[in-house]
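Work through the exercises below with the sequence and the model side by side. Try each task before reading its solution.

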Amino acid sequence: MHRQKHILIVDDDARNRKLMETLLHADGYTVQCVQLGAEALASVAITTPDLILLDLMMPGMDGFEVVRRLKADDTSRNIPIVMVTALGDESSRARLATAGVCDVLIKPISRWDLKNCLDKILGGTP
């Protein structure tokens, strides 16, 4: 029996968290949700997720800063991060790729875009 893949959702919008959580549970993932970047860093320090879905625009610490801190730490630098954002322009995508983000999902999240993204990064079935 294989272990279920664990995904950390970081988004300050409760509706976005609930939508992603519902979609991921339906596909068999275990999910943890946090609201802010600092909570994400604290959570990762306790339990290493298989992947992080990270909102770019959050109060306090934005997604870029969360990525910078995760990539600077030996224990979290290899966790795949997918940025979830409304910013779909090329310059934002280039900046995210340079920061070390694996992929970008554009809001509103499509079930199939989310599934395809996770299958590509995590290798299919949770």
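## Exercise 1: Rings and charges

Task: find how many aromatic pairs this predicted model has, and state where the charged end of Arg111 sits.

Solution. Begin with the rings of Phe, Tyr and Trp, whose centres must lie within 6.5 Å to count as a pair; by this rule the count comes to zero aromatic pairs. Then turn to Arg111, whose charged end sits over the ring of Trp112, at 5.2 Å from the centre of that ring.

## Exercise 2: The order of the sheet

Task: work out in which order the five strands of the open sheet lie, and in which sense they pair.

Solution. Reading across the open sheet gives the order E2-E1-E3-E4-E5, and the pairing is parallel. The edges are strand E2 (30-34) and strand E5 (103-106), each of which pairs on one side only. Direction ignored, neighbouring strands of this sheet are turned by 20 degrees against each other on average.

The individual pairings can now be followed across the sheet. E1 and E3 are joined in the parallel sense over four bridges, and Ile7 stands opposite Leu51 in E3. E3 and E4 also run parallel and are joined by four bridges, with Val84 in E4 as the bridge partner of Asp55. Strand E4, residues 81-85, pairs with E5 in the parallel sense over four bridges, and here Val82 stands opposite Asp103 in E5.

## Exercise 3: Helices on the sheet

Task: decide which strands helix H1 lies across and which strands helix H5 touches.

Solution. Helix H1, made of residues 14-26, lies across strand E1 (6-10), E2, strand E3 (51-55) and E4, and runs at about 170 degrees to E2. Helix H5, residues 111-122, packs on the sheet and touches E1, E3, E4 and E5, while its direction makes about 170 degrees with that of E5.

One residue of this helix can be examined separately: Asp119 is in helix H5. Asp119 counts as partly exposed because its relative accessible area is 25%, which lies between the cut-offs of 20% and 50%. When residues up to four places away in sequence are not counted, Asp119 touches Tyr29 and Gly124.

## Exercise 4: A covered strand

Task: determine how many residues of E3 are buried, and which residues lie on each side of the strand.

Solution. Counting along E3 shows that five of its five residues are buried, so that the strand is mostly covered. Sorting them by face puts Leu51, Leu53 and Asp55 on one side and Ile52 and Leu54 on the other, and both faces are covered.

## Exercise 5: Cysteines

Task: explain why Cys33 does not form a bond with the closest cysteine sulfur.

Solution. A search of the whole structure finds zero disulfides. For Cys33 the closest cysteine sulfur is in Cys117, and because the two sulfurs are 16 Å apart, this is too far for a bond. Cys117 is likewise in no disulfide, and the nearest cysteine sulfur to that of Cys117 belongs to Cys102, 8.1 Å away. As for their surroundings, Cys33 is partly exposed at 27% relative accessibility, whereas Cys117 is buried, with a relative accessible area of 3%.

## Exercise 6: A cis peptide bond

Task: identify which peptide bond joins Lys107 and Pro108, cis or trans, and locate Pro108.

Solution. Most peptide bonds are trans. The bond that joins Lys107 and Pro108 is cis, with omega about -5 degrees, and Pro108 is placed in the loop between E5 and H5.

Technical notes. Residues numbered from 1 in each chain as written. Predicted model: local features only at pLDDT ≥ 70, side-chain atom pairs only at ≥ 80, totals over all residues. Heavy atoms only, no water. Phe/Tyr/Trp six-rings, centres within 6.5 Å; stacked < 30°, edge-to-face > 60°. Lys NZ or Arg CZ within 6 Å of the ring centre and 35° of its normal. Pairing = 2+ DSSP bridges. Helix = DSSP H or I, 4+ residues; strand = E, 2+ residues; numbered from the N terminus. Axes fitted to C-alpha atoms, helices over the stretch in contact; angles between N-to-C directions. Contact = heavy atoms within 4.5 Å. Disulfide = S-S within 2.5 Å. Buried < 20%, exposed > 50% of the residue type's maximum accessible area, 1.4 Å probe, protein only.
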